[in-house]
Amino acid sequence: MDNAFSNLKGLGDLSKTLVKTNIYKTWGLVYLLVKLSLILLVATATVERAFSSMKFIKIDLRSRIGDDFLNDCLVCFIEDEVFESVSNDAIIDRFQNMTTRRVQLK
């Protein structure tokens with residue numbers, strides 16, 4: 001088993017080797033620490049991306065918007081590649097069919 005850990009090049013290799021050798025069950029806290037250290041950079045970058053996006057969404061004109069509406073705007077702004085695949089007509093139709101409106105949106 002010592003040979004499995006002799007040529008590791010980083011935390012990713014350590015994590016893979018712990019799983020391959022089934023040691024992650026015995027050394028659960030060590031495995032959790034390694035896993036958290038690998039996830040930390042991605043989690044931090046995601047939060048920073050959300051806050052930098054908030055600068056574009058929450059400007060002076062919209063500084064009084066509610067949290068729910070702000071969250072909806074941020075999701076649309078951050079996940080723009082998902083929303084690019086949805087046509088504007090589909091969004092308008094969905095919104096129009098949610099409740100009766102005085103005026104047709106199209």
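This briefing covers the fold, two buried helix residues and two surface patches. The model is predicted. The protein chain has five helices and zero strands. Buried residues account for 12% of its 106 residues.

**Overall fold**

- Along the sequence, the protein chain reads α-α-α-α-α.
- Take the contacts in the protein chain between residues at least 6 apart in sequence: 18% of them link residues at least 24 apart.
- The protein chain exposes about 9,100 Å². Carbon and sulfur atoms contribute 60% of that area.

**Helix α1: Ser15 and Thr17**

- Helix α1 spans residues 11-20, and Thr17 is part of it. Ser15 also sits in helix α1.
- Thr17 has a relative accessible area of 11%. Buried means under 20%, so Thr17 is buried.
- Setting aside neighbours within four places in sequence, Thr17 touches Ala4, Phe5 and Leu8.
- Ser15 has a relative accessibility of 12%. It therefore counts as buried, given the cut-off of under 20%.
- With neighbours within four places in sequence again left out, Ser15 is in contact with Tyr31, Val34 and Leu38.

**Nonpolar surface patch**

- Leu11, Leu38 and Ile39 make up a nonpolar patch on the surface. Together they have about 240 Å² of accessible area.
- Leu11 belongs to helix α1. Its relative accessible area is 39%.
- Leu11 is partly exposed because that value falls between the cut-offs of 20% and 50%. The 39% is also over the 30% that patch residues need.
- Leu38 appears twice in this picture. This residue is in the nonpolar patch, and Leu38 is also a contact of Ser15.

**Negative surface patch**

- Four acidic residues gather in a patch of negative charge on the surface: Glu79, Asp80, Glu81 and Glu84.
- Glu81 lies in helix α4, which covers residues 80-83.
- The relative accessible area of Glu81 is 45%. Glu81 is partly exposed because this value lies between 20% and 50%.
- Patch residues need over 30% relative accessible area, and Glu81 has 45%.

**Points to look for in the model**

- Which residues does Ser15 contact beyond its neighbours within four places in sequence? They are Tyr31, Val34 and Leu38.
- Is Thr17 buried or exposed? Thr17 is buried, at 11% relative accessible area.
- Which helix holds Glu81? Glu81 is in helix α4.

Notes:
Residues numbered from 1 in each chain as written. Predicted model: local features only at pLDDT ≥ 70, side-chain atom pairs only at ≥ 80, totals over all residues. Heavy atoms only, no water. Patch = residues over 30% accessible without salt bridge, like charges linked within 9 Å, V, L, I, M, F, W, Y side chains within 5 Å. Areas by Shrake-Rupley, 256 points an atom, 1.4 Å probe, with all protein chains shown as cover. Salt bridge = Lys/Arg side-chain N within 4 Å of Asp/Glu carboxyl O. Lys, Arg positive; Asp, Glu negative; His and termini not counted. Charge placed at Lys NZ, Arg CZ, Asp CG, Glu CD. Helix = DSSP H or I, 4+ residues; strand = E, 2+ residues; numbered from the N terminus. Buried < 20%, exposed > 50% of the residue type's maximum accessible area, 1.4 Å probe, protein only. Contact = heavy atoms within 4.5 Å.
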